[in-house]
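Grab a pen and work through these short exercises on a predicted model. Each one comes with a solution to check yourself against.

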Amino acid sequence: MRTKMHDNLSKETEELFDLKQSRGGIADIEFISQYLVLQFAEKHPELTKYSDNIRILNCALELKLIEQADFDSLTQAYIEFREHYHKASLNNAKKLLSVKALPTHIGQVRKTWTRLLG
């Protein structure tokens, strides 16, 4: 599903990062959150209490399903990506940034994705 979304929706180029659809972007963080819910909710129903990503990630941290470093990097990336995304929406601009603008966040999200989802 995620691959289809990326392939059909991403507007990225070699120089530009699609905040929502590029690998390491908003959609990947949202998928990680939902993966945690789907994978562990039977054992940990508290994961279903909230629908927002940051509180899901916080719950996963409290349950020790993710490490503090994962929580920190995913939430910081999510907040920063969403901030850029909202500003672009308000300005009727494209939701693309230079790949060089957020390399640490992008790399950390990709690394967490690989570790959790393969």
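**Exercise 1.** Work out whether phenylalanine 40 is buried, partly exposed or exposed, then classify its aromatic pair with tyrosine 35.

Solution. Start with the surface: phenylalanine 40 has a relative accessible area of 24%. Buried would need under 20% and exposed over 50%, so phenylalanine 40 is partly exposed. Tyrosine 35 is partly exposed too, at 23%. Now the rings: the centres of tyrosine 35 and phenylalanine 40 are 6.5 Å apart, with 80 degrees between the planes. Planes over 60 degrees apart count as edge-to-face, so that's the label for this pair.

**Exercise 2.** Classify the pair of phenylalanine 17 and phenylalanine 81, and find which elements the two residues lie in.

Solution. The model has three aromatic pairs. In this one, the ring centres are 5.5 Å apart and the planes meet at 45 degrees, so the pair is tilted. Next, place the partners: phenylalanine 17 is in strand 1 (residues 16–18), while phenylalanine 81 is in helix 4 (residues 68–90). The pair therefore ties together parts 64 residues apart in sequence. As for cover, phenylalanine 17 is buried at 2% relative accessible area, and phenylalanine 81 is buried at 0%.

**Exercise 3.** Describe the overall build of the protein, starting from its helices and strands.

Solution. Count five helices and two strands, then read them off from the N terminus: α-β-α-α-α-β-α. The radius of gyration is 14 Å, close to the 13 Å from the globule rule for 118 residues, so the protein is as compact as a globular protein of that length. Finally, buried residues make up 39% of the 118.

Technical notes
Residues numbered from 1 in each chain as written. Predicted model: local features only at pLDDT ≥ 70, side-chain atom pairs only at ≥ 80, totals over all residues. Heavy atoms only, no water. Phe/Tyr/Trp six-rings, centres within 6.5 Å; stacked < 30°, edge-to-face > 60°. Helix = DSSP H or I, 4+ residues; strand = E, 2+ residues; numbered from the N terminus. Buried < 20%, exposed > 50% of the residue type's maximum accessible area, 1.4 Å probe, protein only. Rg over C-alpha atoms; globule rule 2.2 N^0.38 Å.
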